[in-house]
Amino acid sequence: MTSSAKAVRTYLDHLSVERGLSKNTFTSYQRDLERYVLLMGKDLAAITAADLAGYLGRLRAGDDDHPPLSASSAARAMSAVRGLHRFAAREGLIAVDVSRDVRPPTPPRRLPKALDLDQVERLLAAPAGDDGLVLRDRALLEFLYGTGARISEAVGLDVDDLDDDAVTLRGKGGKTRFVPLGRYARAALDAYLVRARPLLIAGGRGTPRVFLNARGGPLSRQSAWTILHRSAAAAGLPTEGPRAVSPHTLRHSYATHLLDGGADVRVVQELLGHASVTTTQVYTLVTVDRLREVYATSHPRAR
């Protein structure tokens, strides 16, 4: 066994025992590192930053035995390699961690999926009828789109968090924010709170949560996802594949539609509860794409 192979085995043992990686992640690391050792064909201590850069190029280009890797897949493979070099340097198996000088590829920025206004209207109208659970489902969907709340913030909402025209949301890290509540969301919530929630909570042990399940207990995240999935199917929206409506879809749509309507990106940042405006600015890319689409279809000399 070469010194590189021994280093890989020691590192994998470390990952398995100390880090407790899942079976799938461990298998991926093992596969990536075995390929690395085979293609490099030299001791770990003899590998240079130029060798690593060349290896990354081979991953992206592919060979007779392996197809070209996307930026995200290559970045994952290089993460395993960089972890190996970092571990070997820390353990004294090699003198220098040369992987520090090689930047992994940056995966392409994935734009958030946003529904257009017609799709939102169809989704919000999908829960039809006056049954108590239907009123709950409609209130939940209107709330998600009307506030941009995360699904965890919605199911964690207490009755005391509601004001006449605003709501207190409890986000990541225990941070709270005050978000306006639109007329449609307020009306849907009022209908649910007055006509449905008292009946649901009568069958349970009592809870301050706004959204309840059929037994009167707090609605779970999985149940909220099921409500959204069922409503999307009823509205004729995709429920499978890359364009499937997900719990974050209405949050993405909320942000995109605010920016399309002229809202300042820093205001949207506050409404979404983002710690950094950089996170919010990804939505401006969606808006730019929308501007290009409108221009291409509307301007007489766009084509």
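Helix H11 (residues 249-260) packs against helix H12 (residues 265-272) at an angle of about 155 degrees, and their axes lie 10 Å apart. The structure is a predicted model. Angles over 145 degrees count as roughly antiparallel, and H11 and H12 are therefore roughly antiparallel to each other. The crossing in which H11 passes H12 is right-handed.

On the H11 side, the contact involves Arg251, Tyr254, Ala255, Leu258 and Leu259, which meet Val265, Val268, Leu271 and Leu272 of H12. By residue class, this contact of H11 with H12 comprises 8 nonpolar residues, 1 charged residue and no polar residue.

A second helix pair is formed by H6 (residues 132-147) and H10 (residues 221-234), whose axes come within 10 Å and cross at roughly 90 degrees. H6 and H10 are therefore roughly perpendicular to each other. From H6, the residues Arg136, Asp137, Leu140 and Leu141 take part; from H10, the partners are Ala224, Ile227, Leu228, Arg230 and Ser231. The residues of the contact of H6 with H10 divide into 5 nonpolar, 1 polar and 3 charged.

**Aromatic pairs**

The structure holds 4 aromatic pairs. Two of them are set out below.

| Pair | Centre to centre | Angle between planes | Geometry |
|---|---|---|---|
| Tyrosine 11 and phenylalanine 87 | 5.3 Å | 40 degrees | tilted |
| Tyrosine 36 and tyrosine 55 | 4.9 Å | 70 degrees | edge-to-face |

The pair of tyrosine 11 and phenylalanine 87 links distant parts of the chain: tyrosine 11 belongs to helix H1 (residues 3-19) and phenylalanine 87 to helix H4 (residues 71-90), with their positions 76 residues apart. Both tyrosine 11 and phenylalanine 87 are buried.

The pair of tyrosine 36 and tyrosine 55 likewise links distant parts of the chain, here 19 residues apart, with tyrosine 36 in helix H2 (residues 23-40) and tyrosine 55 in helix H3 (residues 49-61). Buried means a relative accessible area under 20%. Tyrosine 36 has a relative accessible area of 1% and is therefore buried. Tyrosine 55, with a relative accessible area of 1%, is buried as well.

In addition, Phe143, Tyr192 and Phe211 form one aromatic cluster.

How values were computed
Residues numbered from 1 in each chain as written. Predicted model: local features only at pLDDT ≥ 70, side-chain atom pairs only at ≥ 80, totals over all residues. Heavy atoms only, no water. Axes fitted to C-alpha atoms, helices over the stretch in contact; angles between N-to-C directions. Helix = DSSP H or I, 4+ residues; strand = E, 2+ residues; numbered from the N terminus. Parallel < 35°, antiparallel > 145°, perpendicular 65-115°, else oblique. Left-handed = near helix turned anticlockwise from the far one by under 90°. Contact = heavy atoms within 4.5 Å. Nonpolar A, V, L, I, M, F, W, Y, C, P; charged D, E, K, R; others polar. Phe/Tyr/Trp six-rings, centres within 6.5 Å; stacked < 30°, edge-to-face > 60°. Buried < 20%, exposed > 50% of the residue type's maximum accessible area, 1.4 Å probe, protein only.
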